[in-house]
Amino acid sequence: MCGIIGYIGKQKALPILLDGIKSLEYRGYDSAGVAVLDNKNGESRIYCVKSPGRISVLEEKISNQENDIGGFLGIAHTRWATHGVPNEANAHPHFDCGQKFFLVHNGIIENYKELKNSLIKNGHKFSSETDTEVITHILEDERKKNPKTPLEELTLKALKNISGTYGLAVISVEEPKKLVVVRNFSPLLVGIGDGEYIVASDASAVLKHTRQIVFLHDGEIAILTPEKHKIFNLRSESVTRKPEKIEWTEEIAKKGDFPHFTLKEIFEQPEAIENSLRGRLLPEEGLVKLGGLELVQDKLREAERIIIAACGSAYLAGRVGEYMFEEYAGIPTEVDFASELRYRKPIFRKNDVLLVVSQSGETADTLAALHEAKQKNILSIGIVNVVGSSIARETDAGVYQHIGPEIGVASTKAFTSDLSILALLSVFLGRQREMSLTMGRRIVEELEKIPHLVGQILKNKDQIFKVAKKYKSYNNFLYLGRKYNMPIAFEGALKLKEISYIHAEGYGAGEMKHGPIAMINKDFPSVVIAPSDSVYEKIISNIEEIKARRGPIIAIATEGNKEIKQIVEEVIYIPKTLEMLTPILSVIPLQLFAYYIGVLRGFDVDCPRNLAKSVTVE
Ligand code: F6R
């Protein structure tokens, strides 16, 4: 949530900063701002431009400025509002009364109200309603008390009284060749270029300049000058960390010929799933190889229960994982919203394993659930996409998704990759237990075919577009599924809500009679996931019940099922696969359906209103 970037080096900072926040725009897009330190006629000055709206609005505002903003040091921010409406004053960067300190912040300052009240009493004038601004005024006070202290030490003094989370980048007119960044439970990394540094909330913003990246840890501060960088921890000890080489290329983070990232990522799924499976399937042995779990495989053999914690779509993937683990690995499994697990009093037992699922690896609630498990000393493993992210670092072991950056705010390729990895895990855990060689082989062989089958469904995009066109004006949808496809009903409804702002409810089809059926009439369509699986007959009965109430039905069914065509308005076919793998296929038409309706209704599907990727505040 919120994207921050900072630059120090030999190039003009402004274009790099603007370009950088554009690639972070998916993290927040209600306002944006930039501050650049320039030295004109021997005098340092910070030029700051902010604006509500998208980054393009900020760019236009900058191009209308009379001043040429030409310095080599600067910071920028794209905002997802927490405190204060999206307007110019609340946009970052924020600054103190004397306009000496400018900073951008991602996170939440929890005690800002009391700090603000006392600063106002001491004569400070606030220009925004944000929590962030207090830091600038505290810096100003600290400067009065410590006239000679360098910016990094001043920043640490200022942060002493602050509680909350922050990724912070600070510049000051007093030290025109220094950029100070601090991380506390909010992602921040330093890209190391040739005579330049770019700091950012995530790697996509720095890839154009460098692939050498140092990920800061919580409680660390980095001091950057054009020549060198230094990192210290909370105890003021110097930290030496080798840069990691990020394999993502700049191209992966671009739309290419697609009109939206969301569509690109939907169509990337065959390749993304293949990347998640690559080198991990051993069809002959009916086994899977998960290098990231090797060190903990003995402990996993002892596992008596798995608790999956995640948020949003990742949580729904976990719900499918629960069915997979219980049926194929024979391990009791529970799934919890990370936001609930962290606040209830979960009972962990010695041989429990916490599995956290997070594309970004930075979701605040998921991270907190992980901390809870670590405190209780139980083994934690993760399914994570972003290399070097907090969850990737803090879990005991894990499996990377290898799907490249997911930029569309609504998750698509990360979801199907999660499902594929959960299937891998069921074989991994199952073969440590009772799963037979034959069953192991069967799942592995079917998994190998999945990328191709997903590709086949995508070829049917025109039919899905036609269905979307026909149904685009309805205001309510019910999504139904059973067993493995019940979580997919929730995911389909979530996609429609997010992208097209249509009210949609996901439900277990068996639960329909216990309430939701009251809503059904001719104006209330249902999307029913009805593959030919072990609960097919049951879901056909549910379809009949909807029909009897004149509800229009769009069914997702298995190729070759002609019977269903007679009873529903629309059928979208998916190929046959193992029941446990059908969710990877059945969700594809639902993603496309939501995407097309969003586009047909004229919405910005990549950046839906009120949302942001990577929810780093709780
Ligand atoms: C929905 C969506 C969100 C994320 C959720 C978790 O389309 O994208 O529900 O799935 O915020 O994000 P990660 O996986 O990064 O923890």
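This passage describes the ligand site, the enclosed cavities and two backbone features of a predicted model.

The ligand site comes first. The ligand occupies the largest pocket of the structure. About 870 Å³ of space lies in this pocket. Its lining counts 41 residues, and C311, G312, S313, E498 and V615 are the closest to the pocket centre. Several elements each give two or more residues to this lining. The helices among them are α9, α11 (364–375), α13 (413–431) and α16. The strands are β20 (352–358) and β24 (503–508). By class, the lining of the largest pocket holds 21 nonpolar, 11 polar and nine charged residues.

Around the ligand itself stand 13 residues. Those that come nearest are S358, Q359, S360, T363 and E498. E498 thus appears in two lists: it is among the residues closest to the pocket centre, and it is among those nearest the ligand. Polar contacts to ligand oxygen atoms involve both side chains and backbone. A polar side-chain atom of T363 lies 2.5 Å from an oxygen atom of the ligand. For E498, an N or O atom of the side chain is 2.8 Å from a ligand oxygen. S313 takes part through its backbone, with an N or O atom 3.1 Å from an oxygen atom of the ligand. The ligand on its own has 410 Å² of accessible area, and the protein covers 87% of that area.

Two helices, α9 (312–329) and α16 (486–500), are the elements that give two or more residues to the shell around the ligand. The largest share, three residues, comes from α9. Both helices also give two or more residues to the lining of the largest pocket. The shell divides into four nonpolar, seven polar and two charged residues.

Enclosed space was examined next. A search of the whole structure finds two cavities of 30 Å³ or more. The largest cavity has a volume of about 90 Å³. It is lined by 13 residues, of which C2, W80, T82, H92 and G107 are the closest to its centre. Strand β6 (residues 101–109) provides the largest share of this lining, with three residues. Eight residues of the lining are polar, three are nonpolar and two are charged.

The second largest cavity has a volume of about 30 Å³. Its lining consists of R482, N485, I529, A530, P531, D533, V535, Y536 and I539. Strand β25 (526–530) and helix α17 (536–547) each supply at least two of these residues. Six residues of this lining are nonpolar, one is polar and two are charged.

Two backbone features complete the description. Most residues other than glycine have a negative phi, and most peptide bonds are trans. The peptide bond from H92 to P93 is instead cis, with omega near 0°. P93 is placed in the loop between β4 (73–79) and β5 (94–95). H92, on the other side of this bond, is also one of the residues closest to the centre of the largest cavity. The second feature concerns N41. Its phi is near 50°, a positive value in a residue other than glycine. N41 lies in the loop between β2 (31–40) and β3 (43–52).

How values were computed. Residues are numbered from 1 along each chain as its sequence is written. This is a predicted model: local features need pLDDT of at least 70, side-chain atom pairs count only at pLDDT 80 or more; totals for chains, interfaces and linings use all residues. Side-chain values use heavy atoms; hydrogens and water are left out. On a 1 Å grid over the protein atoms alone, a cavity is a set of points where a 1.4 Å probe fits but cannot get out, and a pocket is an open set with protein on both sides within 12 Å along at least five of seven lines; lining residues have an atom within 4 Å of a point. Grid points are joined across faces, edges and corners, and a volume is the space filled by probe spheres set on the points. Helices (H or I, at least four residues) and strands (E, at least two) are DSSP runs, numbered from the N terminus. Ala, Val, Leu, Ile, Met, Phe, Trp, Tyr, Cys and Pro count as nonpolar, Asp, Glu, Lys and Arg as charged, and the others, Gly among them, as polar. A residue is near a molecule or strand if one of its heavy atoms lies within 4 Å of it. A polar contact is a pair of N or O atoms within 3.5 Å; within protein, one must be able to donate a hydrogen and the other to accept it, and residues adjacent in sequence count only if both atoms are side-chain atoms. Accessible areas come from the Shrake-Rupley method with a 1.4 Å probe; for residues, only the protein chains shown count as cover. A molecule sits in a cavity or pocket if more than half of its atoms lie within 2 Å of its grid points.
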